[in-house]
Each structure stands twice: as structure tokens, then as C-alpha cells.
Amino acid sequence: MTEIMLLLAGLIGGAVNSLAGGGSFIVFPALLFAGVPPVLANASNTYAALPGYASGAMGYWKSMAAYKDRLISYGVVAALFGYVGAELLLVVSDEQFSKVVPWLMAFAVALFVFGNQINTMIKARGGERRGMKALGAVLLLGLLAAVCVYGGFFNAGLGILLLAFLAMAGMTDIHAMNGLKLYISSIVALVAVVRFALGGTIDFYHGSIALVGVTIGGYAAARLAKFIPTNWIRTGVIIYGIGMTLYFFWTAYIA
């Protein structure tokens with residue numbers, strides 16, 4: 001029954017990752033329920049998510065074609081700061097970080113909801129002075145670096161944070177955003193998994209069962225996403241993000 005539960009959690013989590021982000025909120029608790037200790041479950045969740053991120057990004061490849069000029073810069077930032085986040089996990093406990101998670105989630109949802117309006121304002125002011133545009137680009141990369149540190153440390157919620165960042169970066173096509181989100185997530189997860197594996201903090205047996213489900217679910221959802229209206233996906237992301245934010249506040253400060 002444990003193996004079946006992990007496989008189903010992986011299938012659902014992979015699909016959610018491709019469509020909106022947040023699949024780790026399904027897989028991570030499933031690993032805990034299977035008896036995996038919290039730190040191992042956190043690292044194993046990142047390991048399980050990696051192929052799903054990669055397969056999902058492949059499914060969105062055509063949607064990302066218009067933004068291929070961003071792949072190198074985003075990829076370098078993801079690799080460097082994803083590794084920094086992985087290092088932090090080895091010295092900070094999950095209990096300490098659990099107090100910060102709800103605040104990060106609330107910030108991410110707010111960015112996703114108002115990202116387009118904020119970006120319009122930044123562009124308008126940037127048009128007045130050329131230097132403002134360059135400054136805005138640097139600040140955006142700084143924001144991406146912070147998000148990648150988060151992702152390397154605690155994978156849950158990375159997708160929603162990346163969608164918020166991409167909205168701030170001026171993107172509005174949800175399918176292209178999902179593709180870039182999965183591309184960045186793949187790199188963050190890859191460097192983190194390498195670090196976790198070297199540190200012996202991955203439960204490869206339980207993590208691999210979830211990994212199979214995540215990979216299949218992520219690719220299938222990415223291939224079918226174009227048949228779902230964009231507004232539905234965006235609304236779903238917002239509702240899901242608010243729900244997860246409230247859940248984390250409950251578990252961190254009330255329960």
C-alpha cells in the first residue's frame with residue numbers, strides 16, 4: 001500500500017507541477033507518511049521531482065521557443081543559487097524553515113496576482129531613463145537568485161515562486177511561463193540532488209517510486225495543457241496558492 005500511495009502521489013504531483021506548480025505539497029507529505037524522516041523526505045522529494053520537471057519542460061518546448069534568449073542567463077543563475085540552497089538545507093532544520101514558508105508563499109501569490117501591473121509600472125519608468133531598464137534587469141535576476149536558493153533548500157512552492165518571478169519579468173503566456181518554470185526547476189533540482197546524494201540525504205527506494213509517478217504525470221499534463229483555457233489555469237494557480245498559504249500558516253502557527 002505504501003508503494004501504491006507514493007506512485008499515485010507522484011502522478012498527481014507531477015501533473016500539478018506542470019500545470020501550476022506545487023506538486024511537492026502532495027509528494028512531500030506522502031514521503032513523510034511512508035515513514036521517511038523529514039530531512040530525508042525533503043531531499044527525496046527534490047529527487048523525485050527532477051525527472052518530472054525535465055519531462056514537463058520537454059512537453060512545453062514549443063511554447064518556450066519565443067523566449068529562448070533567456071535560457072542561458074536563467075540557467076546559470078539557477079545552477080549557482082540552487083546549489084547554495086542545497087548547502088543551506090544541510091545546516092538548517094526543517095522545523096526552523098517551516099516558520100518562514102507561509103510568508104514566502106504569501107509573497108509569491110501576491111506577486112503572481114499583481115505581477116503584470118508591477119511590471120507595467122517598471123517598464124513605464126524604465127522608458128524615461130535607460131539606466132532604469134538595466135537596473136530592473138539586475139533586480140529581476142536578483143529575485144530569481146533568491147527563488148533558486150529557496151528551491152534548492154525546500155522544493156515545495158518553487159513552481160509558484162517561479163511563476164510569480166516570470167510575471168514580474170513581463171511574461172503573460174501561461175504555457176511559456178510553465179515551460180520556463182519547469183526548465184529552471186530542472187536545473188535547481190539537478191544541482192540540489194547531486195549535493196544531497198553526495199551528502200547521503202536521499203531515500204532512493206521511496207523517492208524512486210514517487211519519481212516514476214511524477215515523471216509520467218508531468219509529461220502527460222504538459223502535453224494536454226494547451227487544451228485548457230489560459231484563464232482557467234491562472235485562476236487555478238491563484239486559488240491553489242492561497243489555499244497552500246493558509247495551510248502553511250495553520251501548520252506553522254496554529255496546529
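Is the crossing of helix 9 and helix 10 left-handed or right-handed? In this predicted model, the crossing of helix 9 and helix 10 is right-handed, and the report below sets that crossing beside others in the chain.

**The chain as a whole**

The protein chain holds twelve helices and zero strands, so that, when read along the sequence, its pattern is α-α-α-α-α-α-α-α-α-α-α-α. Of the 255 residues in the protein chain, 51% are buried. Among the contacts in the protein chain with a separation of 6 or more, 83% are between residues that stand 24 or more positions apart.

**Three helix pairs**

Two packed helices are described by the angle between their axes and the distance between the axes. The table gives these values for three pairs.

| Helix pair | Axes come within | Crossing angle |
|---|---|---|
| Helix 9 (residues 158-168) and helix 10 (residues 174-198) | 9 Å | roughly 125° |
| Helix 2 (residues 24-33) and helix 3 (residues 38-59) | 9 Å | roughly 135° |
| Helix 3 and helix 10 | 8 Å | roughly 145° |

With axes that cross at roughly 125°, helix 9 and helix 10 are therefore oblique to each other. On the side of helix 9, the contact is made by Leu158, Gly159, Leu162, Leu163, Leu166 and Ala167, while helix 10 contributes Met177, Asn178, Leu180, Lys181, Ile184, Ser185 and Val188. Sorted by character, the residues of this contact of helix 9 with helix 10 comprise nine nonpolar, three polar and one charged.

Helix 2 and helix 3 are likewise oblique to each other, and helix 2 passes helix 3 in a right-handed crossing. Here Ser24, Val27, Phe28, Leu31 and Leu32 in helix 2 meet Pro38, Ala41, Asn42, Ser44, Asn45 and Tyr53 in helix 3. The residues of the contact of helix 2 with helix 3 divide into seven nonpolar, four polar and no charged.

Helix 3 also passes helix 10, in this case in a left-handed crossing. The contact draws on Ala43, Thr46, Tyr47, Leu50, Tyr53, Ala54, Gly56 and Ala57 of helix 3, and on Gly179, Leu182, Tyr183, Ser185, Ser186, Ala189, Leu190, Ala192, Val193 and Phe196 of helix 10. Of the residues in the contact of helix 3 with helix 10, 13 are nonpolar, five are polar and none is charged. Tyr53 of helix 3 takes part in the contact with helix 2 and also in the contact with helix 10, and Ser185 of helix 10 is listed both in the contact with helix 9 and in the contact with helix 3.

**A polar residue in helix 3**

Asn42, which has its place in helix 3, has a relative accessibility of 2% and therefore counts as buried. When residues up to four places away in sequence are not counted, Asn42 touches Phe28, Leu89, Asp94, Phe153, Phe154 and Asn155. Phe28 is one of the residues with which helix 2 meets helix 3.

**The salt bridge**

How many salt bridges does a search of the whole structure find? The search finds one salt bridge, which Glu87 forms with Arg195, their closest N and O atoms being 2.6 Å apart. Because Glu87 lies in helix 5 (residues 71-89) and Arg195 in helix 10, the pair ties together parts that are 108 residues apart in sequence. Glu87 is partly exposed, with a relative accessible area of 28%, whereas Arg195, at 18% relative accessibility, counts as buried.

Technical notes
Residues are numbered from 1 along each chain as its sequence is written. This is a predicted model: local features need pLDDT of at least 70, side-chain atom pairs count only at pLDDT 80 or more; totals for chains, interfaces and linings use all residues. Side-chain values use heavy atoms; hydrogens and water are left out. Axes are lines fitted to C-alpha atoms, for helices over the stretch in contact, and angles run from 0 to 180 degrees between N-to-C directions. Helices (H or I, at least four residues) and strands (E, at least two) are DSSP runs, numbered from the N terminus. Angles under 35 degrees count as roughly parallel, over 145 as roughly antiparallel, 65 to 115 as roughly perpendicular and the rest as oblique. A crossing is left-handed if the near helix is turned anticlockwise from the far one by less than a right angle, and right-handed if clockwise. Contact means heavy atoms within 4.5 Å. Ala, Val, Leu, Ile, Met, Phe, Trp, Tyr, Cys and Pro count as nonpolar, Asp, Glu, Lys and Arg as charged, and the others, Gly among them, as polar. A salt bridge is a side-chain nitrogen of Lys or Arg within 4 Å of a carboxyl oxygen of Asp or Glu. Buried means under 20% relative accessible area, exposed over 50%, partly exposed in between (1.4 Å probe, protein chains only).
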